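Dear colleague,

Please find below the structure that I am handing over to you. My findings follow it, and I hope that they will serve as an introduction.

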Amino acid sequence: MPSLPCSRITTLLMLLVGLSSPASFAGNSCQSDRVKLQVLGSGGPELGDQRASSSYLIWLDGKARVMVDAGGGSSLNFEKSGAQFSDLDAVLFSHLHVDHSADWPVYVKAGFFTGRDRDLPVYGPYGNANLPAVDKFQEALLSQAWPYLSNYLDNSERSEYKLPATIINADKSVWFQSLERITLKALNVDHGPLPAVAWRVELAGCSIVFSGDTSASSENLTRLATSADMLVAHNAIPESARGVARRLHMPPSRIGEVAAQANVKKLVLSHRMLRTLEREPQTLDQIQKHYAGPVNFAEDLSVHDL
C-alpha cells in the first residue's frame, strides 16, 4: 500500500484535531432566511410569571426540526406555534429539572395522534445522585409513572415510533453527532451539583447555542458558543444575587462576558423569572459593559431571526 505524503498526513491530523477545537465551529455562511428560533417557554419554575417554562423550537425551511427542553406549559404553545410533532428530528434536554422536562409525557402521548411513524431521538445529560440520566428519566416517566406509555421505549412492544435516548457526558471534548439536516454539539456546564449540558445546533450554515441553566463558572459554555450566530442565555437571577442562586445561574455580567468572549452575533435572554422581570434596564446595563451586540428578551411564542 503506498504511503501518504507528509503534507496529506498533516492535513488529516489538523482535521482530526479541529473536531474538538473552538475554531472548528466557524462554519459556512449562515443561510439566515432558512432558520428561525421560536420560544415556547420563556419562564422558569414559578407560578405567577404568566409564562410557560423553558422550551424552544428551531425551524428549518418552515418546519420545526429540533425541540430543546419541554417545560410545563410548552405543549400548549407548541400547538399555537403551528409546529408538527411528526417533523421533529431530535429532542434535546439541557437538564431534567421539572421546569425543563415536565411536559415530555404530554408530547409523547400526543404523538400518537399526529401520524408520526419514525423514531424520535432524545438526547440529554448523564445522571448522578441528584438527577437521573436521560434514559432512566424516560423509563421512570413512561414505564413507571405512566406504564401505558412504555411501548414507546420497549422494542418488544408495538408502537408508531420509539424514543431512543443518548446520554451526554462531555466535560473536556465536545460531543457531536450529525443527523440528516443537523449537527448537534454539547458540553457539560456547571449547574451546582446537577448534571447539565449546553447545546449547539448547526443547520443551514447557522449555529444556535443554548446555555441551559448554568453559572458558567467553567469556560465550557464559552468554548461551545464560539462564533455562534445566536446564544440563548438564561436570565434567571439579577446581578445582586448571591449564594445558591449564583452557584446555579449566570448573573447578567457573566452572560455579557460569555457572549463577548465567544464573539456571538446575537443574544437572546430567556428563563426570565420574577426576580429578573422588570429589571431589564439593569440587566442590559450589566451585559453591555462586556458585550456590544444585539440583545433580545424572550417572550412565549416570540420568533427570533438569525
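I begin with Ala228, which is buried, because its relative accessible area is 0% and the cut-off for a buried residue is under 20%. Please note that this is a predicted model. Ala228 is located in the loop between α6 and β11. Leaving aside neighbours within four places in sequence, Ala228 is in contact with Arg200, Ser207, Val209, Asn263, Val264 and Lys265. Its C-alpha atom is separated by 9.5 Å from that of Val201, and the two residues are 27 residues apart along the chain.

The chain as a whole

The chain contains nine helices and 14 strands. How does its radius of gyration agree with that of a compact globule? A compact globule of 306 residues would have a radius of gyration near 19 Å, and the chain has 19 Å, so the two agree. The C-alpha trace spans about 65 × 55 × 40 Å along its principal axes.

Of the 306 residues in the chain, 54% are buried. The accessible surface comes to about 13400 Å², and carbon and sulfur atoms account for 53% of this surface. If one takes the contacts between residues at least 6 apart in sequence, 66% of them join residues at least 24 apart. As to charge, the chain carries 28 positive and 32 negative charges, and their mean positions are 4 Å apart.

Strand β11 and the loop after it

His234 belongs to strand β11, which covers residues 230–234. Is His234 buried or exposed? His234 has a relative accessible area of 3% and is therefore buried. Its side chain forms a polar contact of 2.7 Å with the side chain of Asp213. In addition, a polar atom of the His234 side chain lies 3.3 Å from the backbone oxygen of Gly212. Not counting residues up to four places away in sequence, His234 touches a set of residues that includes Ser54, Tyr56, His100, Met250 and His271.

Asn235 is placed in the loop between β11 and α7, the latter being residues 244–248. Asn235 is also buried, with a relative accessible area of 2%. Residues up to four places away in sequence again being left out, Asn235 touches Pro252, Ile255, Leu269, Ser270, His271, Arg272, Met273, Thr276, Thr283 and Phe297. Ile255, Ser270 and His271 are also among the residues that His234 touches.

Helix α8

Helix α8 runs over residues 252–262 and is mostly covered, with eight of its 11 residues buried. Which residues of α8 are buried? They are Pro252, Ser253, Arg254, Ile255, Gly256, Val258, Ala259 and Ala262. These buried residues pack against α6 (220–225), β11, α7, β12 (267–270) and α9 (280–288). Just after α8, Asn263 takes a positive phi of about 55°. Asn263 is one of the residues in contact with Ala228, the residue with which this account began.

Strand β9 and Ala198

Ala198 lies in strand β9, residues 197–203. Ala198 is buried, with a relative accessible area of 0%. Not counting residues up to four places away in sequence, Ala198 touches Lys185, Ala186, Leu187, Val189, Phe210, Ser211, Leu221 and Leu224. Ser211 is likewise touched by His234. The C-alpha atoms of Ala198 and Asp213 are 8.4 Å apart in space, while the two residues are 15 residues apart in sequence. Asp213 is the residue whose side chain forms the polar contact with His234.

Two further residues with positive phi

Ala204 is not a glycine, yet it has a positive phi of about 50°. Ala204 is found in the loop between β9 and β10, the latter being residues 206–210. With a relative accessible area of 13%, Ala204 is buried, because the cut-off is under 20%.

Asp69 is not a glycine either, and it has a positive phi of about 70°. The loop that holds Asp69 lies between β3 (63–68) and α2 (74–81). Asp69 is buried, its relative accessible area being 1%.

With kind regards

Conventions: Residues numbered from 1 in each chain as written. Predicted model: local features only at pLDDT ≥ 70, side-chain atom pairs only at ≥ 80, totals over all residues. Heavy atoms only, no water. Helix = DSSP H or I, 4+ residues; strand = E, 2+ residues; numbered from the N terminus. Rg over C-alpha atoms; globule rule 2.2 N^0.38 Å. Buried < 20%, exposed > 50% of the residue type's maximum accessible area, 1.4 Å probe, protein only. Contact = heavy atoms within 4.5 Å. Areas by Shrake-Rupley, 256 points an atom, 1.4 Å probe, with all protein chains shown as cover. Lys, Arg positive; Asp, Glu negative; His and termini not counted. Charge placed at Lys NZ, Arg CZ, Asp CG, Glu CD. Polar contact = N/O pair within 3.5 Å; in protein donor to acceptor, adjacent residues only side chain to side chain.
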